[in-house]
Amino acid sequence: MQQKWRWRTLGVLRRLLSCAIGSIGILALLFAHVRLFPSSQVPNLPDSYKLPMQQEIGLGGERNWMVEVAPPHLSRSPPPPHKLDGASGNLDLDKLWKQPQKQDFVPCVEPSSTYKSTGETRGYLLVHTNGGLNQMRAGICDMVAVAHILNATLVVPELDKRSFWQDTSNFSDVFDEDHFITSLANDVKVIRKLPKELATATRAVKHFRSWSGVDYYQDEIASLWEDYQVIRAAKSDSRLANNNLPPDIQKLRCRACYEALRFSPRIEAMGKLLVDRMRFYGPYIALHLRYEKDMLAFSGCTHDLSPEEADDLKLIRENTVYWKVKEIDSMEQRAKGYCPLTPKEVGIFLAALGFPSKTPIYIAAGEIYGGDSHMAELQSRYPLLMNKEKLASAEELGPFINHSSQMAALDYIVSVESDIFIPSKALVHLFDKVEQGALKEGRKLSTQVIELHKRRQGSPRKRKGPISGTRGTDRFRSEEAFYVNPLPDCLCHKASFTLNTSVMIQ
């Protein structure tokens, strides 16, 4: 029992820490060169690297990505130390691979003794999620907490089908619906559909106020129960404050995100297949290369693009009616850190950290804007660039290929299981200097990059509050998002956690 609890704790903790988006650095190397294979083929791998047949992916036999035994790479011995001659001098490979210190933190998401479980419902909450996969995940988890605050029965949320991606996926296509319902039974009553007698009932359609606290929902929104049996949340993103919420509400958000909301068996099976095939190359980096057409058009980021490409993105933004901001200063966006690094800049960044050219890299992204023309320099620096299409055949990806949320879920799994995850943001000021000729690649750039990332390697730290001097919505926007870093709300030091839960772990 104790060993099972420890494995479960390790699995959940790893996901809590992996979800924290930070520029995690200095970890990965590959020892042997391995030939790439065409996207329509897969390598001749053992049976364990093959996707199970449909009938093999039952609820009893699937791999649960949220609560599992230690992943294979955690049970391996660390790679032997070698020396690397790079821009930053000789670096030990074990330092590049070294995992950040967990500082004895463990998950602590169980409710307190005063927590009120789900009671008699006052009505039904319908939710229309919006945005990409991560936005929808966060929004769903917030709406679980909102349903609890409102004493509402939550109808399984509707995924975004009207946005840029035009994805027709339903909740059960992306997530394990049965598990979602049963795991939240003590917190919120969740049903698949409205009762028939309420299907045509008048609904209160509300755009919940962004970054709201408990009082807003208990006073303003709960008053709607006097006139309506059904409330519909028109949007789900950022509808709960990041901070200053009751501890039990914060822990409920974590239970929803890291325990209840897991992917469907079919996605988990395919994700495991991709992870196993990446492991075939050894330890790997997952690179969130956010250089996709919709991302660049929405954010107005056009650095290093041709005038024709910039005009193309502007036209997309102007023609997308639900994107409110049309006129955007690209240079200002980039200076504020709102733009992703270009593929070329990512290559410079990885080289400055000391990663050799044989490092295997998984590109977690959709179709890269501009295709090969924009990927050429990164590809030349790091030939072992992998993605879903290179790791799996067209037949294997067939069920997911036209569904952006499902494809993103596969990227999510491969990223969570990677040895290092790198978001492609920040450091713009350094790369601008490189482009202008004021700073050259080499030891000086490497030293500056490594120095900037000494404290950005994924170790647990308290969530950052708002930037001093900001007001209104800008103040909330400047805060570190709750799901990016749920510490201290959902992580505790092992000593105090053991003391408070001694009965549970005996």
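In the predicted model, Asn-244 is placed in the loop that runs between strand β8 (230–233) and helix α8 (247–260). The phi angle of Asn-244 is near 60°, which is a positive value in a residue other than glycine, and the residue is exposed, with a relative accessible area of 80%. A positive phi is also found at Asp-304, where the angle is about 70° although the residue is not a glycine. Asp-304 belongs to the loop between α10 (293–299) and α11 (307–319), and with a relative accessibility of 42% it counts as partly exposed, because that class covers values between the 20% limit for buried residues and the 50% limit for exposed ones.

Strand β8 is part of an open sheet of 5 strands, which are arranged in the order β6-β5-β4-β8-β7 with parallel pairing. The edges of this sheet are formed by β6 and β7 (203–206), each of which pairs on one side only. Within the sheet, strand β4 (residues 123–127) runs parallel to β5 and is joined to it by 3 bridges, and Leu-125 has Leu-154 of β5 as its bridge partner. Between these two strands the chain passes through helix α4 (residues 133–150), giving a β-α-β crossover that is right-handed. Strand β5 is also parallel to strand β6 (residues 190–191), to which it is joined by 2 bridges; here Leu-154 stands opposite Val-190, while Val-155 stands opposite Ile-191. Both faces of β5 (residues 152–155) are covered, since Ala-152 and Leu-154 on one side are buried, as are Thr-153 and Val-155 on the other.

Helix α4 itself has 18 residues and spans 25 Å from its first C-alpha to its last, a value close to the 26 Å expected at 1.5 Å a residue. Of these 18 residues, 15 are buried, so the helix is largely enclosed by the rest of the structure. Just after α4, a positive phi of about 55° is taken by Asn-151.

A further open sheet is formed by 4 strands in the order β11-β10-β9-β12, and its pairing is parallel. Its edge strands are β11 (385–386) and β12 (420–423), each pairing on one side only. Strand β9 (residues 285–288) and strand β10 (residues 361–363) run parallel and are joined by 3 bridges, with Tyr-362 of β10 as the bridge partner of Ala-286. In general, the strands of a sheet pair through backbone hydrogen bonds, in either a parallel or an antiparallel manner.

The enclosed spaces of the model comprise 2 cavities of 30 Å³ or more, and the largest of them holds about 40 Å³ of space. The lining of the largest cavity is made up of Tyr-291, Leu-296, Cys-301, Thr-302, His-303, Arg-334, Cys-339, Pro-340 and Thr-342. When these lining residues are sorted by class, 5 are nonpolar, 3 are polar and 1 is charged.

Finally, a cis peptide bond, with omega of about 25°, joins Leu-487 and Pro-488. Pro-488 is situated in the loop between α20 (472–477) and β13 (491–493).

Methods. Residues numbered from 1 in each chain as written. Predicted model: local features only at pLDDT ≥ 70, side-chain atom pairs only at ≥ 80, totals over all residues. Heavy atoms only, no water. 1 Å grid on protein atoms, 1.4 Å probe; cavity = no way out; pocket = protein on both sides within 12 Å on 5 of 7 lines; lining within 4 Å. Points joined across faces, edges and corners; volume = space filled by probe spheres on them. Nonpolar A, V, L, I, M, F, W, Y, C, P; charged D, E, K, R; others polar. Buried < 20%, exposed > 50% of the residue type's maximum accessible area, 1.4 Å probe, protein only. Pairing = 2+ DSSP bridges. Right-handed = clockwise from strand over helix to strand, strands pointing away. Expected span 1.5 Å × (residues − 1).
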